[in-house]
Amino acid sequence: MNALPHSRRRFLQTTAGLLGAASCSWLPQLATAAGSDPNRKRSCILLWMAGGPTQTDTFDMKPGHANGGEFKETETNVPGLRFSEHFAGLAKQADKLAILRGMSTREGDHLRGTYLMHTGQRPGGPLNYPSIGASLSKAMQDNQSTLPNYVAVNPSGLLSGSALSPGFLGPRYAAATVGTRGAPAAEGSDEMADLGVDFLSLPPGIDTKRQEARLALWKDQQNQFLARHPSGAAEAQATIFQSAVKMMHPDAASAFDLSQESTEVRESYGKGTFGQGCLIARRLVERDVPFVEVTLGGNGLGWDTHQGNFPTVERLSKELDQGWSTLLRELAERDLLETTTICWMGEFGRTPNINGTAGRDHFPDAWTCVLSGGGIAGGQAYGKTDEAGREVTEGKTEVQDLLATLCRAVGVDPATEHYSPQARPIKISEGTSIDQVLA
Amino acid sequence: MPALRGSPYLLVDLIPLLSIFRGGTMLRIAHVPASCVLLSLLAWTTALVAQDTPVDVSDETAKMQAMATRIDELVQARLDQEKVRAAPLATDGEFIRRAYLDLVGSIPTVAQTRAYLDNDAPDKRQQLIAQLLKSPAHPTHLANTWRALVLEPSDDPQRLQNEQGLQLWLRGKFSENVRYDRLVEEFLTATQGSDGPGYFYASQDLKPELLASETSRIFLGLQLECAQCHDHPFDRWKQHDFWGLAAFFAQLERPANDNIVGLGRFDIVDRDMGEVTIPETDEVVPPAFPGSKANYASFGGTRRQQLAIWMVSRDNPFMPRRAVNWAWAHMMGRGIVHPADDMSPQNLPSHPELLDELTRYFIQSGFDLRLLLQTIALTDTYARSSEAVSDSEAPPELFARMAVKSLTPEQLYDAFLKVGLLKSNVTMMQQDGQRNQFVARLRTASKDRTFFDTGMPQALAVMNGPPVSTATSPETSGLLKALSAPFLSDEQRLNVLFLAAYSRPPNAEELMRYQAFLQQAEPEQQSAALGDVLWVLANSAEFMLNH
């Protein structure tokens, strides 16, 4: 299995096409080989922080100021760059992170901010803009893949409509969502989160043998119609349903099957939906999926800490730190980090002042996003806020600039145009990329 | 008085009447319900039209037939010119399925199909079309189609619910078969949030530039928005055309005491102040009709009423052509001008004469949309098979064969329900919730139904999720239960399944293949095996497309 005659992708494709092929154990070896392929496509992972994470208690701390809060700063492996004490894992890999402390936007509402950060556009216009996941996965897609180009893990039920919408690109570019199966594990539960793709499994009562019999009949039925009704619509239907069938095949579906990982690896990511989601993201990136979004805090907008900010942020920070730092380490070990860019963001930041209920409120004026991994010059902070954390004093960054920078990091020209239903060319981002944080 | 081309008896006669309002206190009627002025005018023009054409049913039918024949002549002329052979007429099964999907939005039941196949009347096609257009499902389907035309698609179930308001309003208009010009006028001058159009205005945030670009696309087939920022290099539209149109929407606001009921819809007040300026300049652009020198101010009423008068006047060169092109595209899969909502002078019709004659016919019929659809449905062009005649394909704009179209998510869901005949233990509430979810998931962005605009996650949801899984499981499918009756032969069972899904019996090859499949199944697995056959049919292109 270690000397493959075809490209990995082609092999995966042919194998997936053969219904009933035995599930094989070759994927991990292949993945290791993939990293050294100079033509390897790039991937992007968006770590979405639902609710709007605080910048002052994470990556832009204000020690000594009244707004500083109760957390301490910790040194990182980059001299002078300091994070919250609850990012022990990330602190050891700060050289891979570029902290954008000058984010400044104009939407302080969850739904509007979520739309803005995902699309680069303020909501309310006549066009439904695609989320950055849909735009980038379209630009980076592999038409031959048996896996979807855009996967979203555990999106927030409340806001997923605007967050994951393919907008005018149409449902072909919608995210395949991975959700929790069975009862969702309670926050802080000790059980391992059980994740799966919506409708990827056969419905109850249908086994593989019956499915194969159905598919054999289905193929004949399709061919008969296609031969007599050549048309774009019929061909598209046949192709897309065939792709879905391929994706259901155990070889492709196994990408989402975390039981193939050792307990040790699974635990190293954290047992919750975010940690397990990061592990799914790694498995998908190994298989060249261009865009994966993993949400933390999706059940009830976890980062929306109007009250009792500190215990919640501490718990979320630890969950974030474990998932993200393990992801960075594992991608690096597989030579995949250079081609995988990870973007950390939420819908806005939080007020530097601490309110009467020990919480922080919505604050889009001056806050932080983080880029890491492939294409990013890590080990730096770009932009500054004042001592109180109220205003950006240096390196003010608009959402369009952030998205343009993300595009550049994954090798896509932000001026790439997609067409609206009225055939208007729309750029992925009209912003200017920040060259200082690009590798 | 502005010099306007065309029929002498609408605008020109209206203008003195309008000036009555202009002279007196009636001009200051910004808050009089917007449609008052126009309604009285339209009632008057309707009376005129009624005098012109006394309604006589047999006469009306003869006129429709004559127009249908004329349509076929013009399409044939183009085919002859290009030396292309037209496809033969569709079989009865193909025709009934298509007519049901296009006119009432769902596939026929087994009983309806059987009755049609068994009918020997020579005019059974005409009978079917007339009957479908009278059915209450017809306005529902049209409302659904128009809602999708008017509002950008949304995959947000909450927003989908808000859209119901607009859909209900449209359904009301279509079930009364309101004159199309009146529908446009009422839509444009709506003031009540409880009316459906309130949601359209809300979805455009009452912004003049958005309202201008959307209303001109929807009702005029003009895409002016490219002129929003600059004079279009290839187009006749200039920045002033765009902002002149936008100026008609410059005086809208929400009433101060507006109670926000739910999301989206709200009341609209027409003020008598507010102007648009070209962005980044101080240049105020007065209201002006695109491509027309008509003086808006002479029309009286609110700005929106002025716009509505111009839009629905017989002299308006765009509005009825756009409606005709919509109807043609709805039935044939593509417009005489394609894309159907881009009728700019640069985008030429495939059959200019046909578009002109149909437009004239539509105006003379009193802007009767239902009659227009009926006329198109009666043509041989509509009744042609969608099968390819030869390997060398005729370009689609020749209409040599019927286009293959995607079902809308609503059509698809209802078709699944129909083949499944779900048992009644699934409550209406559950079904509605399930339907909304399915529709939201399968929403398409493209307005061109000759595209199949969906992706892998949607295909998975169809193959493995409800409603297909429910419809193909013996525990939940009434049809499968009924088919397991011991006195039925496999051939009879397959006949029912094929009629249910495809509105045709299985061909010899299919019969052999599926009979062999059913014979392999253990006796106690018969129902499950029939469910497998139904699953195959439900996931096939022949089922999921309108052809």
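Two strands pair if DSSP finds at least two bridges between them. Keep that in mind as we walk through this predicted model, because the bridge count is what lets us call two strands partners.

Let's put the rule to work in chain A. Strand β9 (residues 340-346) of chain A and strand β12 of chain A are joined by four bridges and run antiparallel. If you want one spot to click on, go to W344(A), whose bridge partner in β12(A) is V370(A). β12(A) has another partner too: strand β4 (residues 97-103) of chain A pairs with β12(A) over five bridges, again in the antiparallel sense. Here the residue to look for is L97(A), which sits opposite S372(A) in β12(A). So how many residues of β12(A) are buried? Seven of the seven, across residues 367-373 of chain A, and the strand is therefore largely enclosed by the rest of the structure.

Now move to another group of strands in chain A. Strand β6 (residues 176-180) of chain A is mostly covered, with four of its five residues buried. Strand β5 (residues 150-153) of chain A runs parallel to β6(A), and three bridges join the two. Find A152(A) and you can step across to its bridge partner in β6(A), T177(A). β6(A) also pairs with strand β7 (residues 195-197) of chain A, this time in the antiparallel sense and over three bridges. In that pairing, T180(A) has L195(A) in β7(A) as its bridge partner.

Zoom out for a moment to take in chain A as a whole. Its secondary structure adds up to 13 helices and 17 strands. Of its 439 residues, 60% are buried. Take the contacts in chain A with a sequence separation of 6 or more: 72% of them link residues 24 or more positions apart.

Before leaving chain A, have a look at a backbone oddity. Most residues other than glycine have a negative phi, and most peptide bonds are trans. A358(A) has a positive phi, near 55°, and is not a glycine. You'll find A358(A) in the loop between β10 (349-350) and β11 (362-363) of chain A. Is A358(A) buried or partly exposed? Its relative accessibility is 35%, so A358(A) counts as partly exposed.

Chain B has a residue of this kind as well. L206(B), also not a glycine, has a positive phi near 60°, and it lies in the loop between α10 (197-203) and α11 (208-220) of chain B. With 11% relative accessibility, L206(B) counts as buried, because the cut-off for that label is under 20%.

Chain B also gives us cis peptide bonds to look at. One runs from H338(B) to P339(B), with omega near -5°, and P339(B) belongs to the loop between α14 (319-332) and α15 (352-364) of chain B. Another links P466(B) to P467(B), with omega near 10°. P467(B) is placed in the loop between α19 (456-464) and α20 (468-471) of chain B.

Next, some helix packing. Two packed helices are described by the angle between their axes and the distance between the axes. In chain B, the axes of helix α4 (residues 92-104) and helix α6 (residues 124-134) come within 10 Å and cross at roughly 20°. Angles under 35 degrees count as roughly parallel, so α4(B) and α6(B) are roughly parallel to each other. The crossing of α4(B) past α6(B) is right-handed. Which residues make the contact? On the α4(B) side they include F95(B), I96(B), A99(B) and L103(B), and on the α6(B) side they include L128(B), I129(B) and L132(B). By class, this contact has ten nonpolar, one polar and three charged residues.

Last stop: F174(B), in helix α8 (residues 157-175) of chain B. At 6% relative accessibility, F174(B) counts as buried. What surrounds F174(B), leaving aside its neighbours within four places in sequence? F174(B) is in contact with P139(B), L142(B), A143(B), W146(B), L183(B), L369(B) and R370(B). Take A143(B) from that list: F174(B) and A143(B) are 31 residues apart in sequence, yet their C-alpha atoms are 7.1 Å apart in space.

Notes. Residues numbered from 1 in each chain as written. Chains lettered and ligands numbered in written order. Predicted model: local features only at pLDDT ≥ 70, side-chain atom pairs only at ≥ 80, totals over all residues. Heavy atoms only, no water. Axes fitted to C-alpha atoms, helices over the stretch in contact; angles between N-to-C directions. Parallel < 35°, antiparallel > 145°, perpendicular 65-115°, else oblique. Left-handed = near helix turned anticlockwise from the far one by under 90°. Contact = heavy atoms within 4.5 Å. Nonpolar A, V, L, I, M, F, W, Y, C, P; charged D, E, K, R; others polar. Buried < 20%, exposed > 50% of the residue type's maximum accessible area, 1.4 Å probe, protein only.
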